[in-house]
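Student: Could we go through this structure together, one part at a time?
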Amino acid sequence: MGAVTTPSIRADVKNLNFFYGPKQVLKNISMPIYENRMTALIGPSGCGKTTLLRCFNRMHDLYATTNYQGQIILHPNMQNILSSEIDPMEVRMRIGMVFQKPNPFPKSIFENVAYGLRVRGVKKKSFIEERVVKSLQQAGLWSEAKDRLHSHATDMSGGQQQRLCIARALATEPEILLLDEPTSALDPISTAHIEELITELKKDITILMVTHNLHQAARTADYTAYMYLGELIEFGLTDKIFTTPSDTRTENYITGRFG
Amino acid sequence: MSNQRDPILKNIRRRKVVDFLFSLAGLLSLLFALVTLLALVVDLAVTGVPRISAEFFMNFPSRFPEKAGILSAWVGSLCVMLTTACCAIPLGVAAGLYLEEYAPKNWITQLIELNIINLAGIPSITFGLMALGIFVYKLELGQSILTAGLTLGLLVLPIIIVTTRESVRAIPNLIREASYAVGASKWQTIRYHILPYSSGGILTGVIISLSRAIGETAPLITIGALTFVAFLPTSPVQSVFPFVSLQWLKDPFTVLPIQMFNWLSRPQAEFHVNAAATGIVLLLMTLVLNGVAIYIRYRFRKKMKW
Ligand SMILES: Nc1ncnc2c1ncn2[C@@H]1O[C@H](COP(=O)(O)OP(=O)(O)OP(=O)(O)O)[C@@H](O)[C@H]1O
Ligand SMILES: [Mg+2]
């Protein structure tokens, strides 16, 4: 897998510190996110993976006691998306996110997927319908959902709900897609499908994914970042991290001796 | 063996006796409350129900008890409730939404919240006095349906604010995050998610506050509601241009509990029968309102799964 030549950078995390109130959860993280590649975030539970992911779409701004220091520079415009001068809404319109826990709206399947377009003011029915079908197909939910587009989304199974959330994020065609353990609630077949989807999507968009499944990271990620207690221990090509890690902590984690 | 068991069994028996005594005390308290309530209602029904007839609803009050009816009272109650709802619902829901979704979570907000909860416990006659000073004398709205509606609106405003806040708070943050994550604005999130998902709870609060307002007497007497009204408010529909009229808002009025109070204060027993009948009507209205509130809450509970 892996790229032969280094691809261009899509986003650059620079000296990022993050605090929940007085508690520092991310410690001086710096790493590049490469364009049209998949970067996996791995590490033991509570090490700050979700927290880092949520910095990328300014989700933390919704809560008063959170605090960022440092930058995430979005290329090629070189905007710092953490800057208070940039509206979080703009960031969220360009960077999509799928959460760790499935969170469909208690509305119809169709309305769930169409929501991102509706808030952008898209009115054209045929366009919305087209996009909903395409996103459901991409997320591998179409065959199950096509006969019940107007039934309640919360009546679906957990795995179906998670794929619906993926479809909802895809409908607005984000530049960067953030995935927080998107396959943790899925069976092996749906998981394989999502992994295929990610490989397909990489042609057009940049993906940052948290996963606890090391095999999944090894299979699908071009780059892997290993985090531990809020620090970025090691970042590099997936092949290198999994075969010849340079830090013993990384080695211990991926060989299962720890965490 | 039995030597070892005996103290344990004795201990258990002793604690079971306490259990039994407490449950007995609880049951007796419950029965006392229920029986008293039931006796009151049955007494009211036995006296009042035979008096209820179509004429009772269609007649104005009269000097002759058998001719007297509650037409002006129930029409007045209806008009006052309408005005109350129109003033309290938009204010209460907007204030509740602001406090929960927009206001920064600091001590000022907490202070406001605390005061609103306290406001809900203030004796209603205090609202009447305030309304007399502000609405009747300062703003010169008169002793009218509008004044009554505004007064009762203020009285139930805290209930609506608190229930709005509670039902908004019950919506998990995951849902808000899902909405913001696709790029929605605050208003869009409120408009498409927060309001629809909390409307069941809000509606329940509204109905409960109306069922409280419909029985209020003291503040309306304070602002000078009439006790003997032999006319109806101006009709909202007119035969001449512009065909609708808001004159009824400025008309004097009476309401069911005041009519009841008025009849009760007469010496003749026949009037007391009229009062009991009015009481039954008022009780039924409150029961129906509360029933509707329970039904709405049940329907929304079933629909909202997170
Ligand atoms: N809202 C919050 N307030 C305070 N501390 C928090 C909050 N959310 C998370 N934390 C703390 O921040 C740290 C990192 O949490 P985070 O959710 O990023 O971990 P994670 O790596 O995603 O773990 P997992 O693999 O279990 O999902 C944890 O120690 C957690 O307790
Ligand atoms: Mg996590």
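Student: Which residues of H7(A) are buried?
Tutor: In this predicted model, the buried residues of H7(A) are Ser190(A), Thr191(A), Ile194(A), Glu195(A), Leu197(A), Ile198(A) and Leu201(A). Buried means under 20% relative accessible area, exposed over 50%, and partly exposed in between, with a 1.4 Å probe and protein chains only. They cover an arc of only 155° around the axis, which puts them on the same side of H7(A). The arc is that of the directions from the helix axis to the C-beta atoms.

Student: And what does the face turned away from that buried side carry?
Tutor: That face of H7(A) carries the exposed residues Pro188(A), Ile189(A) and Glu196(A).

Student: What covers the buried residues of H7(A)?
Tutor: The cover includes strands S3 (38–42), S7 (176–180) and S8 (206–210) of chain A, together with helices H4 (125–138), H6 (158–170) and H8 (214–220) of chain A. Contact here means heavy atoms within 4.5 Å. Helices (H or I, at least four residues) and strands (E, at least two) are DSSP runs, numbered from the N terminus.

Student: Which residue caps the N-terminal end of H7(A)?
Tutor: Asp187(A) does, with a side-chain oxygen 3.0 Å from the backbone nitrogen of Ile189(A).

Student: Before we move on, what conventions apply?
Tutor: Residues are numbered from 1 along each chain as its sequence is written, and chains are lettered from A and ligands numbered from 1 in the order in which they are written. Local features need pLDDT of at least 70, side-chain atom pairs count only at pLDDT 80 or more, totals for chains, interfaces and linings use all residues, and side-chain values use heavy atoms, with hydrogens and water left out.

Student: Turning to S7(A), how many of its residues are buried?
Tutor: Five of the five residues are buried, so S7(A) is largely enclosed by the rest of the structure. Ile176(A), Leu178(A) and Asp180(A) lie on one side, and Leu177(A) and Leu179(A) on the other.

Student: How does S7(A) pair with S6(A) and with S8(A), parallel or antiparallel?
Tutor: S6(A) and S7(A) pair in the parallel sense over four bridges, and five bridges join S7(A) to S8(A), which also run parallel. Two strands pair if DSSP finds at least two bridges between them. Leu179(A) is the bridge partner of Val98(A) and stands opposite Met209(A) in S8(A).

Student: What about H4(A): which residues are buried there?
Tutor: Ile128(A), Arg131(A), Val132(A), Ser135(A) and Leu136(A) are buried in H4(A). They cover an arc of only 130° around the axis, which puts them on the same side of H4(A). The buried residues of H4(A) pack against H3, helix H5 (142–145) and H6 of chain A. Just after H4(A), Gly140(A) takes a positive phi of about 70°.

Student: New topic: which protein donors does the magnesium ion have?
Tutor: Thr50(A) (OG1) and Gln100(A) (OE1) are the protein donors of the magnesium ion (ligand 2), lying 1.9 to 2.5 Å from it. Thr50(A) lies in helix H1 (residues 49–55) of chain A and Gln100(A) in the loop between strand S6 (95–98) and helix H3 (109–119) of chain A, so the pair ties together parts that are 50 residues apart in sequence. Donors are N, O and S atoms within 2.8 Å of the metal (3.2 Å for Na, K and Ca); water is not among the atoms, so sites may look incomplete.

Student: What are the relative accessible areas of Thr50(A) and Gln100(A)?
Tutor: Thr50(A) is partly exposed at 25%, and Gln100(A) is partly exposed at 37%.

Technical notes: A polar contact is a pair of N or O atoms within 3.5 Å; within protein, one must be able to donate a hydrogen and the other to accept it, and residues adjacent in sequence count only if both atoms are side-chain atoms.
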